[in-house]
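Student: Could we go through this model together? I have a few short questions.
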Amino acid sequence: MIGRLNHVAIAVPDLAAATATYRDTLGARVSAPQPEPAHGVTVVFVELPNTKIELLHPLGPNSPIASFLERNPSGGIHHVCYEVPDILAARDRLKAAGARVLGDGEPRIGAHGKPVLFLHPKDFCGTLVELEQA
Ligand code: CO
């Protein structure tokens, strides 16, 4: 059911330092910081040949990654995003299998303008999983 790895999201306490690490130390191509107020994050996209890394930094008082950074002050992998061809079919199959879909279970428009859902980490090997309709 899942297809390509769309991105790995890494929450970072210092976006400029993280960007410099990827650009200068690792030699990757990085975007300018992109504020995503609707999602409570500022994102820097790191373009790799086969996928993307998204460096996430809290934006605003109710950022969904603020508590993650409190628990992981030096940052860490926040979620992985897999592509699916049909997000409603994927959701229904996962719910039928007993997996927990976060929120109200309805897809939202994600940072790339496509429908996304998040799945409970306890059902997926301790990792928050995002599904994006590709
Ligand atoms: Co994501």
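Student: How many disulfides does a search of the whole structure find?
Tutor: The search finds 0 disulfides, a disulfide being a pair of cysteine sulfur atoms within 2.5 Å. The model is predicted: local features need pLDDT of at least 70, side-chain atom pairs count only at pLDDT 80 or more, and totals for chains, interfaces and linings use all residues. Residues are numbered from 1 along each chain as its sequence is written, and side-chain values use heavy atoms, with hydrogens and water left out.

Student: Where is the nearest cysteine sulfur to Cys81?
Tutor: That sulfur belongs to Cys125 and is 16 Å away, and Cys81 is in no disulfide.

Student: Is Cys81 buried or exposed?
Tutor: Cys81 is buried, at 0% relative accessibility, whereas Cys125 is exposed, with a relative accessible area of 81%. Buried means under 20% relative accessible area, exposed over 50%, and partly exposed in between (1.4 Å probe, protein chains only).

Student: Turning to the metal, which residues are the protein donors of the cobalt ion?
Tutor: They are His7 (NE2), His79 (NE2) and Glu130 (OE), lying 2.0 to 2.1 Å from the ion. Donors are N, O and S atoms within 2.8 Å of the metal (3.2 Å for Na, K and Ca); water is not among the atoms, so sites may look incomplete.

Student: What is their spacing in sequence?
Tutor: The donor residues are spaced H-x71-H-x50-E.

Student: And are His7 and Glu130 buried or exposed?
Tutor: Both His7 and Glu130 are buried.
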